[in-house]
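Subject: Model for you to look at, with notes on a sheet and on empty space

Dear colleague,

I am handing over the structure below, and I would be glad if you could look through it with the notes that follow.

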Amino acid sequence: YDHSFFFSFLSEVAFGYKGLKILLYYIAGNLSTLFRIEYTSKVNEKFDCVEADDVESKIREIIPPGFCTNTDDFVSLLEKEVNFKPFGMLLHTYSVHNEEAGEDITYQIYKADMTCPGFQEYHERLQTFLMWFIETASFIDIDDERWNYFLVFEKYNKDGATLFATVGYMTVYNYYVYPDKTRPRVSQMLILPPFQGEGHGAQLLETVHRYYMSSPTVLDITAEDPSDSYVKLRDFVLVKLCQDLLCFSPEKLMQGFSQEMVMEAQQKLKINKQHTRRVYEILRLRATDMGDAEQSRSYRLDVKRRLIGPYKKKQRELAKMRRCLRPEELTNQLNQIDLNMQHEQLEESFQQLVSDYRRVLERLAQA
């Protein structure tokens, strides 16, 4: 079945088996699961005086009950895939050209919640992918009604029927902000490996932003402990959203970062000040002729003034320390600050940022 996902999974070396295989199959749509362990031989506690690792129990702790252990039972479930439909409300439809198939493939993004019939059971199966692909992942409390779920599906035809395959998803938690606002925070985001590198992450994040943009009670959107890859994705999406705002015109970009940018990005696009600053720096780089000595110097100083901010904060803290620390303690603090903030490190940070920003602009030019 060409839309089933197969994973042979081992999170650590399992002791006591020869030829061990942990087989985990998911049907692409509703994620019905087949789980089976195979091995050619296993140590025997009675005769070998050692006990094999209980691999099966470790996997059972992650995958929800109700999975198949028999291949025939699992194959019979494939016939029911034609009845599977995405959960919740359709937010966005887009297509991606597939070179291998030689055609455009349709994808859809939905917003769902736990009131959708069957969604809770589906989500229990869906979230297991976090454990296979994200090292620090953990499950969320689905009983908390402040969670929103956004799902990406591939829509395809097979034998005259329309079917859907799970592509990825995002969970967002709505934090309360006094007195009458919320601050949605992206918690989990995963695009499954067969679909990575096709732009689905950007489509999903932009769709989520556009969903919250229409809500007057949303203050801005943040993310929980974002990875480097997520930050790069967010840079691209936010720059794409912001580039047509009047406050980011080339003339205003060259005048420097302004409160007008902060206000307009937050009010219209739900982007906070920190992220708006990065958008400004990326768009100003695009508007800057780095071959022009004066323009290049102006841009470099502008970015470095922001990068040096934490150093200046430490200097202020040091001034306070002078009044209460012993001389030897003060020397240690000074040495630490000197080591942490060298001119070379500042230049290195700047060059890395520019490199990251250029990649965002290259992607933007191809979008």
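Two strands are taken as paired if DSSP finds at least two bridges between them, and the description of the sheet rests on that criterion. Please keep in mind throughout that this is a predicted model.

The sheet

On that criterion, 6 strands form an open sheet, with mixed pairing, and their order across the sheet is β6-β7-β8-β9-β10-β11. The edges are held by β6 (89-98) and β11, and because each has a single partner strand, one side of each is left without a neighbour in the sheet. Helix α4 (residues 119-126) packs on this sheet, where α4 touches β7 (103-112), β8 (147-158) and β9 (161-177), and the direction of the helix makes about 85° with that of β8. At the β11 edge, β10 and β11 pair in the parallel sense over 2 bridges, and the bridge partner of V186 in β11 is A223.

The cavity

A search of the whole structure finds 1 cavity of 30 Å³ or more, and the volume of this largest cavity is about 40 Å³. Its lining is made up of H209, I221, T222, A223, Y230, R234, L238 and H275, so that A223, the bridge partner of V186, appears here again as a lining residue. At least two residues of this lining come from each of β11 (222-223) and α7 (228-242), and it is α7 that gives the most, with 3 residues. By residue class, the lining of the largest cavity divides into 4 nonpolar, 3 polar and 1 charged.

The pocket

The largest pocket has a volume of about 1,100 Å³. It is lined by 38 residues, of which I134, M189, S227, S229 and Y230 are the closest to its centre; Y230 is also found in the lining of the largest cavity. Several elements each supply at least two residues of the pocket lining, namely α5 (128-133), β10 (181-191), α6 (200-213), α7 and α14 (343-366). The lining draws at least three residues from each of domain 2 (84-286) and domain 3 (303-366), and its residues divide into 19 nonpolar, 11 polar and 8 charged.

With α7 contributing at least two residues to the lining of the largest cavity and at least two to that of the largest pocket, you may wish to have that helix in view as you read.

With best wishes

Notes: Residues numbered from 1 in each chain as written. Predicted model: local features only at pLDDT ≥ 70, side-chain atom pairs only at ≥ 80, totals over all residues. Heavy atoms only, no water. 1 Å grid on protein atoms, 1.4 Å probe; cavity = no way out; pocket = protein on both sides within 12 Å on 5 of 7 lines; lining within 4 Å. Points joined across faces, edges and corners; volume = space filled by probe spheres on them. Helix = DSSP H or I, 4+ residues; strand = E, 2+ residues; numbered from the N terminus. Nonpolar A, V, L, I, M, F, W, Y, C, P; charged D, E, K, R; others polar. Domains from an automatic or database assignment. Contact = heavy atoms within 4.5 Å. Axes fitted to C-alpha atoms, helices over the stretch in contact; angles between N-to-C directions.
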